Amino acid sequence: MSDLAPSLQDLTELAQQTMAAHGYLPGDAFISTAGKLLQRLSDPQPATFTVDPKISYEDMLQRCAHHGSA
Amino acid sequence: MDLPDRMVELQARIRAGQITAQHALQAQIDRAEALRSQFACVVDTLTLTVPAQGPLSGIALSHKDIFDLKDWRPGCGVGHGKSQAGVQPAAAVAALAEAGATQWASLVMAPYACGATSQNPHFERCTNPLDAAAAVGGSSSGSAVAVAAEMTYAALGTDTAGSIRIPAACCGLIGLKTTHGAVSPQGCQPLAPSLDSVGILSRYAEDARQIWQALCPHLTPPQGMGVGSTSAARCQLWLPQEGLELDISQAIRDWVAQHLRVVSIDMQAEFEQLSRHAQRVLFYETARTHHAALLAGHADPAVQAIGLPGLAIPKDWYETSMAMRAAWLDQFVRRHFESADFLILPSMGCAVPDWQQVELGHPSFERRRLAAMHGWMGFVNYLGLPALNLPIARDAHQRPICVQVLARPFAEHRLLDFAAQFEMKDRTL
């Protein structure tokens, strides 16, 4: 998902499907707004860095607390 | 009796035996009661309990109405609290009680902590003590008003996307958003649990430090270590090229030139990426927290504004953002805190607006001003870093101009050192 730049139409359909999966079926205006939200929050730039998946976020907070540790 | 301006001075008087804890409590409560109707920030006054012995004995505090109390459920901004046998106090409230503090009242907030202003149809509009025409900010609006009005020396709030720092900025206060997880959220109504932090609003840094030490005694540096001068602090400064009013930018430049040596940076691209992740998490988790009420159609409108769009966020987007969080934190700390102690940026992009300008539905409403109040807040919650709002100047209308100061995880004491050194000595507006 994060490596692609889908169209607004694709994202609007995705928003509608996602909301429908929750059982929420809003009108067209809200679906359009939700599609624009997904467009704003989509991330066409791939991540350029990684971290050991075994390091949890909580562990990283502790690790970053000290100089020389990050 | 005349109460001192600073909580630490009152604590010193109590310790010296110049006043009893009981007399000090009564004096604070009398003052708060006298001011109560003027600022409309109180939800409920509480049954006072016999204070424990501790450093906060004789201190009467009031907090955001989001914390469970003994046998009491909070109203969370949509009503009054309710008696309920068996409820245990929230961990943060219990920690303050163990340090001797008494809680006098619960304070108004945006409905379920959803909102960057004090707009709340369930309560009378609370008033900014600095300027009745000015916005208060939210969601910890009553906490900011009560502290600025000198109805309490300090108040707890919560911050999911700026809910401590925004009202602190509007009311000219110290506002400390703590490191994610440093203060237990147990007994505190969640909004987006991955972003929520319990924190502190106060008029003075040293008063906030007293509260912080009571909340997290295990994070207090050993005597003589870690607390001290920040005059030689290495700072990065980010003044965004977009969305920052020139007057605010110039005021920050002037303050920096007077006090600090900084390295200016541009982190716009990084900020935008982090903000996307923060919003994905905020929307998704708010929808999850209020899922049943949203689908049943009886969620508060303020909750709907965040929660309904949250139903559209795909689960894999959310999971991606959460999976990348540790890496983003690692990278951010490497970029900004290997060669600097603090990262300074504006709290808000605009001067504190009139309350009507950020009141949804008001004819004077300006969306850009509302956006400018919270735009640079949420990314900090995604990272989980501590951040402190610090008033540094006043604008032409004598409203506060503030910066956010960020530091490494668990560096709250260093942030308070910084604030103590640079806080405005004269709070009289």
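Two residues are in contact if their C-beta atoms, placed from the backbone, lie within 7 Å. The model is predicted, so local features need pLDDT of at least 70 and side-chain atom pairs count only at pLDDT 80 or more, while totals for chains, interfaces and linings use all residues. Residues are numbered from 1 along each chain as its sequence is written, and chains are lettered from A and ligands numbered from 1 in the order in which they are written.

**Exercise 1. Describe helix α1 of chain A and what covers its buried residues.**

Step 1. Helices (H or I, at least four residues) and strands (E, at least two) are DSSP runs, numbered from the N terminus. Chain A has three helices and zero strands, in the order α-α-α from the N terminus on.

Step 2. Helix α1(A) covers residues 8-21, and its 14 residues reach 20 Å from the first C-alpha to the last, close to the expected 20 Å. The expected span is 1.5 Å times one less than the number of residues.

Step 3. A residue is buried if 20 or more other C-beta atoms lie within 10 Å of its own, exposed if 12 or fewer, and partly exposed in between. In α1(A) the buried residues are A:Leu11, A:Thr12, A:Leu14, A:Ala15, A:Gln16 and A:Met19. Their cover includes α2 (28-41) of chain A. Of the 70 residues in chain A, 24% are buried.

Step 4. Just after α1(A), A:Gly23 takes a positive phi of about 85°.

**Exercise 2. Work out how compact chain B is.**

Step 1. Chain B holds 15 helices and 13 strands. Its radius of gyration is 20 Å, close to the 22 Å that the globule rule gives for 429 residues, so chain B is as compact as a globular protein of that length. The radius is taken over C-alpha atoms, and the rule is 2.2 Å times the number of residues to the power 0.38.

Step 2. Along the principal axes, the C-alpha atoms of chain B fill a box of roughly 55 × 55 × 40 Å.

Step 3. Buried residues make up 58% of the 429 residues in chain B. Among contacts in chain B with a separation of 6 or more, 74% are between residues 24 or more positions apart.

**Exercise 3. Lay out the sheet β1-β5-β2 of chain B.**

Step 1. Two strands pair if DSSP finds at least two bridges between them. The three strands form an open sheet with mixed pairing.

Step 2. β1 (42-45) and β2 (60-64) of chain B each have a single partner strand and stand at the edges, so one side of each lacks a neighbour in the sheet.

Step 3. β2(B) and β5 (residues 102-107) of chain B run parallel and are joined by five bridges. B:His63 has B:Ser106 in β5(B) as its bridge partner.

**Exercise 4. Compare B:Asp71 with B:Tyr112: is each buried or partly exposed?**

Step 1. B:Asp71 lies in the loop between β2 and β3 (72-73) of chain B, with a positive phi near 60°. B:Asp71 counts as partly exposed because it has 14 C-beta neighbours inside 10 Å.

Step 2. B:Tyr112 lies in the loop between β5 and α4 of chain B, with a positive phi near 50°. B:Tyr112 counts as buried because it has 24 C-beta neighbours inside 10 Å.
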